[in-house]
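User: Hey, I'm new to this one. Can you walk me through it?
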Amino acid sequence: MNCVLCGGGVEKKVVDEEIKVFNDHFLLKMETEVCKNCGERYYAEGQIDELIHLKKRLEKEKTGCHEVGKVYQMSS
Ligand SMILES: [Zn+2]
């Protein structure tokens, strides 16, 4: 398979998928197809559903994760 955006080669890779819940960011290791040229990600069937499901759960309770850093907003 080639990237539909740039035609570059696509490879299976484990990426840190980011889920934003209000002001918090959650990173989830996920194996997905990534374009070697532009970085576009191609999700397998069901992966988007999984992310949506996880986001809904994290809105209610933050379980199964630990803090790895903080997000700061620069004052303007
Ligand atoms: Zn591409």
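Analyst: Here is a quick tour, from the whole chain down to one residue. This is a predicted model, where local features need pLDDT of at least 70, side-chain atom pairs count only at pLDDT 80 or more, and totals for chains, interfaces and linings use all residues. Residues are numbered from 1 along each chain as its sequence is written.

User: Cool. What's the order of the elements from the N terminus on?
Analyst: They run β-β-β-α, with one helix and three strands in the chain. Helices (H or I, at least four residues) and strands (E, at least two) are DSSP runs, numbered from the N terminus.

User: And why is the chain said to be more spread out than a compact globule?
Analyst: Because its radius of gyration is 15 Å, well over the 11 Å that the globule rule gives for 76 residues. The radius is taken over C-alpha atoms, and the rule is 2.2 Å times the number of residues to the power 0.38.

User: How much of the chain counts as buried?
Analyst: 3% of the 76 residues. Buried means 20 or more other C-beta atoms within 10 Å of the residue's own, exposed means 12 or fewer, and partly exposed is in between, with C-beta atoms placed from the backbone.

User: Switching topic: where does glutamate 17 lie?
Analyst: In strand E1, residues 10-21. Glutamate 17 counts as partly exposed, because it has 17 C-beta neighbours inside 10 Å.

User: Which residues is it in contact with, leaving aside neighbours within four places in sequence?
Analyst: Leu28, Met30 and Leu51. Contact means C-beta atoms, placed from the backbone, within 7 Å.

How values were computed: Contact = placed C-beta atoms within 7 Å.
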